[in-house]
Amino acid sequence: MKDNLQEIFPLVDENGTVIGSATRGECHNGSRLLHAVVHLHVFNSAGDVYLQKRPEWKDIQPGKWDTAVGGHIDYGESPEDALRREVREELGIKDFTPTFVGKYVFDSKRERELVYVNRTTYDGEISPSKDELDGGRFWTMHEIREAMGKGVLTPNFESEFQRFFMNDNKENTVIRKAERKDVPLLLEFIKGIAKYEKMENEVVASAEVLEREMFDEHRAEAVFAVVDGREVGFALYFYNFSTFIGHSGLYLEDLFVWPEYRGKGYGKALLLHLVKTAREHNCKRMEWVCLNWNKPSIDFYLSLGAVPLKEWTVYRLDAAALERLS
(Lines give C-alpha, C1' and ligand atoms only; values in the text may rest on other atoms or scores of the structure.)
Protein backbone atom coordinates (compact mmCIF):
# COMPACT_ATOMS: atom_id res chain seq x y z
CA MET A 1 0.00 0.00 0.00
CA LYS A 2 1.21 3.53 -0.78
CA ASP A 3 0.01 7.08 -0.22
CA ASN A 4 -1.92 8.67 -3.06
CA LEU A 5 0.56 11.25 -4.37
CA GLN A 6 -2.20 12.90 -6.43
CA GLU A 7 -4.35 13.71 -3.38
CA ILE A 8 -5.11 17.45 -3.24
CA PHE A 9 -4.06 19.40 -0.14
CA PRO A 10 -4.88 23.04 0.67
CA LEU A 11 -1.90 25.38 0.78
CA VAL A 12 -2.10 27.85 3.67
CA ASP A 13 -0.33 30.80 5.21
CA GLU A 14 0.94 30.68 8.80
CA ASN A 15 -2.47 31.82 10.08
CA GLY A 16 -4.23 28.91 8.38
CA THR A 17 -5.83 30.92 5.57
CA VAL A 18 -6.11 28.84 2.40
CA ILE A 19 -4.12 30.44 -0.43
CA GLY A 20 -4.02 27.62 -3.00
CA SER A 21 -3.75 23.88 -3.49
CA ALA A 22 -1.17 21.24 -4.44
CA THR A 23 -0.88 17.48 -4.63
CA ARG A 24 0.57 15.32 -1.86
CA GLY A 25 3.51 14.60 -4.14
CA GLU A 26 4.20 18.29 -4.65
CA CYS A 27 3.98 18.98 -0.92
CA HIS A 28 6.37 16.15 -0.05
CA ASN A 29 9.02 16.55 -2.77
CA GLY A 30 11.09 19.18 -1.01
CA SER A 31 9.10 22.13 -2.35
CA ARG A 32 8.31 23.06 1.26
CA LEU A 33 4.84 24.26 0.30
CA LEU A 34 3.05 25.02 3.58
CA HIS A 35 0.05 22.71 4.02
CA ALA A 36 -2.18 22.01 7.03
CA VAL A 37 -2.35 18.88 9.19
CA VAL A 38 -4.15 17.87 12.39
CA HIS A 39 -2.64 15.99 15.34
CA LEU A 40 -4.34 14.39 18.36
CA HIS A 41 -2.40 13.34 21.46
CA VAL A 42 -4.37 10.65 23.31
CA PHE A 43 -3.82 10.31 27.07
CA ASN A 44 -5.49 7.81 29.38
CA SER A 45 -6.51 8.58 32.96
CA ALA A 46 -3.18 7.23 34.24
CA GLY A 47 -1.30 9.82 32.20
CA ASP A 48 0.08 7.35 29.64
CA VAL A 49 0.27 8.42 26.00
CA TYR A 50 -0.96 6.41 23.01
CA LEU A 51 1.44 6.27 20.05
CA GLN A 52 0.86 4.79 16.62
CA LYS A 53 3.51 2.90 14.67
CA ARG A 54 3.97 4.12 11.12
CA PRO A 55 3.97 1.34 8.51
CA GLU A 56 7.07 0.65 6.44
CA TRP A 57 5.36 1.76 3.21
CA LYS A 58 4.95 5.36 4.42
CA ASP A 59 7.01 7.83 2.34
CA ILE A 60 7.99 9.81 5.47
CA GLN A 61 9.45 8.31 8.68
CA PRO A 62 8.50 4.66 7.99
CA GLY A 63 8.57 2.23 10.92
CA LYS A 64 8.78 4.87 13.65
CA TRP A 65 6.43 5.63 16.54
CA ASP A 66 4.39 8.77 16.12
CA THR A 67 1.56 10.91 17.50
CA ALA A 68 -1.62 8.89 18.11
CA VAL A 69 -3.40 10.55 15.20
CA GLY A 70 -1.93 12.68 12.46
CA GLY A 71 -3.33 13.47 9.05
CA HIS A 72 -3.63 16.06 6.35
CA ILE A 73 -6.58 18.37 6.00
CA ASP A 74 -8.34 17.75 2.70
CA TYR A 75 -9.06 20.64 0.38
CA GLY A 76 -12.31 22.30 1.49
CA GLU A 77 -12.26 20.58 4.91
CA SER A 78 -12.13 22.35 8.30
CA PRO A 79 -9.48 21.40 10.90
CA GLU A 80 -12.25 20.17 13.24
CA ASP A 81 -13.83 17.92 10.60
CA ALA A 82 -10.42 16.65 9.50
CA LEU A 83 -9.53 15.73 13.09
CA ARG A 84 -12.70 13.69 13.65
CA ARG A 85 -12.29 11.96 10.28
CA GLU A 86 -8.67 11.04 10.96
CA VAL A 87 -9.41 9.80 14.50
CA ARG A 88 -12.25 7.66 13.20
CA GLU A 89 -10.18 6.26 10.32
CA GLU A 90 -6.94 5.64 12.21
CA LEU A 91 -8.10 4.57 15.68
CA GLY A 92 -11.79 3.73 15.28
CA ILE A 93 -12.74 6.32 17.92
CA LYS A 94 -15.98 8.21 17.40
CA ASP A 95 -16.87 9.51 20.86
CA PHE A 96 -14.13 11.76 22.24
CA THR A 97 -13.73 15.36 23.37
CA PRO A 98 -10.74 17.14 21.80
CA THR A 99 -9.10 20.21 23.27
CA PHE A 100 -7.18 22.52 20.94
CA VAL A 101 -3.69 23.11 22.35
CA GLY A 102 -2.13 25.34 19.71
CA LYS A 103 -0.66 25.47 16.23
CA TYR A 104 2.85 25.89 14.84
CA VAL A 105 4.87 25.44 11.66
CA PHE A 106 6.89 22.22 11.39
CA ASP A 107 9.79 22.73 9.02
CA SER A 108 11.96 19.92 7.59
CA LYS A 109 14.00 19.33 4.44
CA ARG A 110 11.15 17.27 3.01
CA GLU A 111 8.06 19.30 3.86
CA ARG A 112 6.54 22.24 5.70
CA GLU A 113 3.35 21.78 7.74
CA LEU A 114 1.02 24.03 9.71
CA VAL A 115 0.16 21.69 12.58
CA TYR A 116 -3.11 22.00 14.53
CA VAL A 117 -2.32 20.31 17.88
CA ASN A 118 -5.11 18.75 19.96
CA ARG A 119 -5.30 16.49 22.99
CA THR A 120 -7.90 14.26 24.63
CA THR A 121 -8.19 11.95 27.63
CA TYR A 122 -9.68 8.62 26.56
CA ASP A 123 -10.06 5.26 28.32
CA GLY A 124 -12.24 3.48 25.78
CA GLU A 125 -11.45 0.87 23.16
CA ILE A 126 -8.90 1.74 20.48
CA SER A 127 -8.87 -0.18 17.19
CA PRO A 128 -5.90 0.97 15.09
CA SER A 129 -6.46 0.73 11.34
CA LYS A 130 -4.77 -2.31 9.83
CA ASP A 131 -4.59 -0.51 6.49
CA GLU A 132 -2.97 2.72 7.73
CA LEU A 133 -0.97 1.70 10.82
CA ASP A 134 1.30 -1.04 12.15
CA GLY A 135 -0.57 -0.98 15.45
CA GLY A 136 -0.15 1.18 18.52
CA ARG A 137 0.03 1.13 22.30
CA PHE A 138 0.13 3.34 25.38
CA TRP A 139 3.58 4.51 26.50
CA THR A 140 4.46 5.77 29.97
CA MET A 141 6.09 9.19 30.23
CA HIS A 142 9.26 7.42 31.38
CA GLU A 143 9.32 5.27 28.24
CA ILE A 144 8.89 8.34 26.05
CA ARG A 145 11.71 10.19 27.78
CA GLU A 146 13.98 7.13 27.42
CA ALA A 147 13.21 6.86 23.68
CA MET A 148 13.86 10.51 22.89
CA GLY A 149 16.72 11.07 20.45
CA LYS A 150 17.31 7.38 19.75
CA GLY A 151 15.61 7.12 16.36
CA VAL A 152 12.60 5.29 17.79
CA LEU A 153 10.17 8.20 17.65
CA THR A 154 9.56 10.55 14.74
CA PRO A 155 11.38 13.90 15.01
CA ASN A 156 8.02 15.63 14.53
CA PHE A 157 6.53 13.85 17.55
CA GLU A 158 9.59 14.49 19.71
CA SER A 159 9.70 18.23 19.06
CA GLU A 160 5.94 18.67 19.36
CA PHE A 161 5.55 16.61 22.53
CA GLN A 162 8.41 18.40 24.22
CA ARG A 163 7.00 21.74 23.18
CA PHE A 164 3.44 21.21 24.41
CA PHE A 165 3.57 18.46 27.05
CA MET A 166 7.08 18.14 28.49
CA ASN A 167 8.07 21.79 28.79
CA ASP A 168 8.44 22.61 32.47
CA ASN A 169 6.31 25.69 33.13
CA LYS A 170 6.64 25.80 36.91
CA GLU A 171 7.92 29.37 36.72
CA ASN A 172 4.62 30.29 35.04
CA THR A 173 2.48 28.43 37.57
CA VAL A 174 0.02 30.49 39.58
CA ILE A 175 -1.64 29.03 42.67
CA ARG A 176 -5.00 30.66 43.24
CA LYS A 177 -7.70 30.08 45.82
CA ALA A 178 -11.01 28.61 44.68
CA GLU A 179 -13.96 30.99 44.66
CA ARG A 180 -17.71 30.48 44.65
CA LYS A 181 -17.79 30.77 40.84
CA ASP A 182 -15.39 27.80 40.63
CA VAL A 183 -17.88 25.25 41.99
CA PRO A 184 -18.49 23.61 38.55
CA LEU A 185 -14.71 23.36 38.04
CA LEU A 186 -14.24 21.86 41.51
CA LEU A 187 -16.84 19.23 40.70
CA GLU A 188 -15.05 18.47 37.42
CA PHE A 189 -11.79 17.86 39.29
CA ILE A 190 -13.55 15.72 41.91
CA LYS A 191 -15.01 13.54 39.16
CA GLY A 192 -11.58 13.40 37.54
CA ILE A 193 -9.86 12.04 40.64
CA ALA A 194 -12.75 9.63 41.24
CA LYS A 195 -12.29 8.25 37.73
CA TYR A 196 -8.54 7.88 38.28
CA GLU A 197 -9.15 6.06 41.57
CA LYS A 198 -11.85 3.86 39.97
CA MET A 199 -14.51 5.26 42.30
CA GLU A 200 -16.73 7.13 39.84
CA ASN A 201 -19.88 5.53 41.24
CA GLU A 202 -19.16 6.91 44.71
CA VAL A 203 -19.39 10.59 43.73
CA VAL A 204 -22.73 11.93 44.94
CA ALA A 205 -21.64 15.52 45.61
CA SER A 206 -23.54 18.16 43.68
CA ALA A 207 -22.71 21.75 42.82
CA GLU A 208 -25.31 22.94 45.33
CA VAL A 209 -23.81 20.85 48.15
CA LEU A 210 -20.26 21.96 47.39
CA GLU A 211 -21.26 25.62 47.27
CA ARG A 212 -23.06 25.40 50.60
CA GLU A 213 -20.39 23.38 52.43
CA MET A 214 -17.37 25.25 51.09
CA PHE A 215 -18.55 28.83 50.64
CA ASP A 216 -21.44 29.21 53.09
CA GLU A 217 -20.37 26.88 55.91
CA HIS A 218 -16.61 27.18 55.14
CA ARG A 219 -15.96 23.54 55.97
CA ALA A 220 -13.20 23.12 53.38
CA GLU A 221 -11.00 25.16 51.06
CA ALA A 222 -9.35 24.52 47.70
CA VAL A 223 -6.63 25.93 45.48
CA PHE A 224 -5.85 25.53 41.78
CA ALA A 225 -2.56 25.36 39.91
CA VAL A 226 -3.01 27.60 36.86
CA VAL A 227 -0.70 27.47 33.84
CA ASP A 228 -1.19 29.76 30.86
CA GLY A 229 -4.74 30.49 32.00
CA ARG A 230 -5.76 26.83 32.46
CA GLU A 231 -6.42 25.12 35.78
CA VAL A 232 -4.23 22.02 35.51
CA GLY A 233 -4.52 20.72 39.08
CA PHE A 234 -6.26 21.29 42.39
CA ALA A 235 -5.98 20.53 46.08
CA LEU A 236 -8.86 20.46 48.57
CA TYR A 237 -8.13 20.64 52.29
CA PHE A 238 -9.47 21.49 55.77
CA TYR A 239 -8.10 21.84 59.30
CA ASN A 240 -8.18 19.24 62.08
CA PHE A 241 -6.72 19.09 65.59
CA SER A 242 -4.27 16.86 67.45
CA THR A 243 -4.72 16.39 71.18
CA PHE A 244 -1.21 14.93 71.55
CA ILE A 245 0.60 17.97 70.18
CA GLY A 246 -2.11 20.47 71.15
CA HIS A 247 -2.16 22.14 67.74
CA SER A 248 -4.23 22.14 64.60
CA GLY A 249 -3.16 20.33 61.47
CA LEU A 250 -3.92 20.61 57.78
CA TYR A 251 -5.69 17.62 56.25
CA LEU A 252 -5.32 17.19 52.49
CA GLU A 253 -8.47 15.55 51.18
CA ASP A 254 -7.70 15.58 47.45
CA LEU A 255 -4.72 16.40 45.24
CA PHE A 256 -5.16 15.90 41.51
CA VAL A 257 -3.43 16.99 38.31
CA TRP A 258 -4.89 16.28 34.88
CA PRO A 259 -3.02 13.35 33.25
CA GLU A 260 -1.46 15.34 30.42
CA TYR A 261 0.12 17.78 32.89
CA ARG A 262 1.71 15.26 35.26
CA GLY A 263 5.44 14.97 35.73
CA LYS A 264 5.98 18.73 35.41
CA GLY A 265 6.00 19.74 39.08
CA TYR A 266 2.46 21.09 39.34
CA GLY A 267 1.43 18.60 42.03
CA LYS A 268 4.53 19.48 44.01
CA ALA A 269 3.78 23.18 43.60
CA LEU A 270 0.30 22.62 45.06
CA LEU A 271 1.64 20.57 47.95
CA LEU A 272 4.35 23.11 48.79
CA HIS A 273 1.74 25.86 48.72
CA LEU A 274 -0.23 23.92 51.32
CA VAL A 275 2.94 23.49 53.40
CA LYS A 276 3.26 27.28 53.41
CA THR A 277 -0.45 27.62 54.27
CA ALA A 278 -0.09 25.16 57.15
CA ARG A 279 2.84 27.09 58.59
CA GLU A 280 0.98 30.40 58.25
CA HIS A 281 -1.85 28.88 60.34
CA ASN A 282 0.59 27.52 62.93
CA CYS A 283 -0.25 23.93 62.01
CA LYS A 284 2.23 21.36 63.28
CA ARG A 285 1.58 18.68 60.68
CA MET A 286 -0.10 17.76 57.40
CA GLU A 287 -1.81 14.46 56.73
CA TRP A 288 -3.57 12.65 53.89
CA VAL A 289 -4.37 9.13 52.75
CA CYS A 290 -3.29 7.36 49.59
CA LEU A 291 -4.57 4.20 47.94
CA ASN A 292 -2.16 1.29 48.38
CA TRP A 293 -1.96 0.59 44.63
CA ASN A 294 -1.14 4.19 43.70
CA LYS A 295 2.62 3.71 43.47
CA PRO A 296 3.38 6.92 41.50
CA SER A 297 1.77 9.01 44.24
CA ILE A 298 3.38 6.98 47.03
CA ASP A 299 6.83 7.43 45.50
CA PHE A 300 6.15 11.16 45.13
CA TYR A 301 5.10 11.54 48.77
CA LEU A 302 8.09 9.54 50.03
CA SER A 303 10.43 11.73 47.97
CA LEU A 304 9.15 14.74 49.92
CA GLY A 305 9.89 13.08 53.27
CA ALA A 306 6.32 12.09 54.11
CA VAL A 307 6.11 9.11 56.47
CA PRO A 308 3.46 6.35 56.07
CA LEU A 309 1.68 5.52 59.34
CA LYS A 310 1.59 1.76 58.90
CA GLU A 311 0.54 1.12 62.50
CA TRP A 312 -2.70 3.05 62.01
CA THR A 313 -5.93 1.84 60.38
CA VAL A 314 -8.60 4.23 59.09
CA TYR A 315 -12.15 3.50 60.27
CA ARG A 316 -15.28 5.07 58.84
CA LEU A 317 -18.98 5.34 59.62
CA ASP A 318 -20.83 6.26 56.43
CA ALA A 319 -24.14 8.12 56.26
CA ALA A 320 -26.18 4.93 56.60
CA ALA A 321 -24.22 3.87 59.69
CA LEU A 322 -24.61 7.30 61.25
CA GLU A 323 -28.38 7.14 60.75
CA ARG A 324 -28.59 3.61 62.09
CA LEU A 325 -26.68 4.53 65.25
CA SER A 326 -28.60 7.73 65.90
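# Briefing on a predicted protein model

About 18,300 Å² of the protein is accessible surface, and carbon and sulfur atoms account for 50% of that area. The model is predicted. Its secondary structure comprises 9 helices and 14 strands. The points below start with the whole protein and then turn to two helices, one strand residue and some backbone angles.

**The protein as a whole**

- Taken along the principal axes, the C-alpha atoms fill a box of roughly 75 × 40 × 40 Å.
- The protein has 326 residues, and 43% of them count as buried.
- Of the contacts between residues at least 6 apart in sequence, 62% join residues at least 24 apart.
- There are 43 positive and 54 negative charges, and the mean positions of the two sets are 4 Å apart.

**Helix H5**

- Helix H5 covers residues 183-196, which makes 14 residues.
- From first C-alpha to last, H5 reaches 20 Å, close to the 20 Å expected at 1.5 Å a residue.
- H5 is largely enclosed by the rest of the structure, because 10 of its 14 residues are buried.
- The buried residues are Val-183, Leu-185, Leu-186, Leu-187, Phe-189, Ile-190, Gly-192, Ile-193, Ala-194 and Tyr-196.
- These buried residues of H5 pack against strands E10, E11, E12 and E13 and against helix H6.
- After H5 comes Lys-198, with a positive phi near 60°.

**Helix H7**

- Helix H7 runs over residues 266-280 and has 15 residues.
- The distance from its first C-alpha to its last is 21 Å, close to the 21 Å expected at 1.5 Å a residue.
- Buried in H7 are Tyr-266, Gly-267, Leu-270, Leu-271, Leu-274, Thr-277 and Ala-278.
- These residues lie on the same side of H7, because they cover an arc of only 140° around the axis.
- An α-helix has 3.6 residues a turn, so residues three or four places apart point the same way.
- On the face turned away from the buried side, H7 carries the exposed residues Lys-276, Arg-279 and Glu-280.
- The cover over the buried residues of H7 includes strands E10 (173-177), E11 (221-227), E12 (230-242), E13 (247-257) and E14 (286-287), together with helix H8 (295-303).

**Two buried residues of H7**

- Leu-274 is part of helix H7 and is buried, with a relative accessible area of 0%.
- Setting aside residues up to four places away in sequence, Leu-274 touches Val-223, Ala-235, Tyr-237, Leu-250, Leu-252 and Met-286.
- Between Leu-274 and Tyr-251 there are 9.7 Å in space, C-alpha to C-alpha, and the two are 23 residues apart in sequence.
- Thr-277 also lies in H7, and its relative accessible area of 6% makes Thr-277 buried.
- With residues up to four places away in sequence left out, Thr-277 touches Tyr-237, Tyr-239 and Leu-250.
- Tyr-237 and Leu-250 are thus among the residues touched by Leu-274 and are also touched by Thr-277.

**Phe-43 in strand E3**

- Phe-43 sits in strand E3, which spans residues 34-43.
- Phe-43 counts as buried, at 1% relative accessibility.
- Its contacts, not counting residues up to four places away in sequence, are Asp-48, Val-49, Arg-119, Thr-120, Thr-121, Tyr-122, Phe-138, Phe-161, Phe-165 and Glu-260.
- Phe-43 and Val-174 are 24 Å apart in space, C-alpha to C-alpha, and 131 residues apart in sequence.

**Positive phi angles**

- Most residues other than glycine have a negative phi.
- His-218 is not a glycine, yet its phi is positive, about 55°.
- The loop between helix H6 (207-216) and strand E11 holds His-218.
- His-218 is exposed, with a relative accessible area of 59%.
- Asn-282, again a residue other than glycine, has a positive phi near 60°.
- Asn-282 comes just after H7, in the loop between H7 and E14.
- With 40% relative accessibility, Asn-282 counts as partly exposed.

Key. Residues are numbered from 1 along each chain as its sequence is written. This is a predicted model: local features need pLDDT of at least 70, side-chain atom pairs count only at pLDDT 80 or more; totals for chains, interfaces and linings use all residues. Side-chain values use heavy atoms; hydrogens and water are left out. Helices (H or I, at least four residues) and strands (E, at least two) are DSSP runs, numbered from the N terminus. The expected span of a helix is 1.5 Å times one less than its number of residues. Buried means under 20% relative accessible area, exposed over 50%, partly exposed in between (1.4 Å probe, protein chains only). The arc is that of the directions from the helix axis to the C-beta atoms. Contact means heavy atoms within 4.5 Å. Accessible areas come from the Shrake-Rupley method with a 1.4 Å probe; for residues, only the protein chains shown count as cover. Lys and Arg count as positive and Asp and Glu as negative; His and the chain ends are not counted. The place of a charge is taken as NZ of Lys, CZ of Arg, CG of Asp or CD of Glu.
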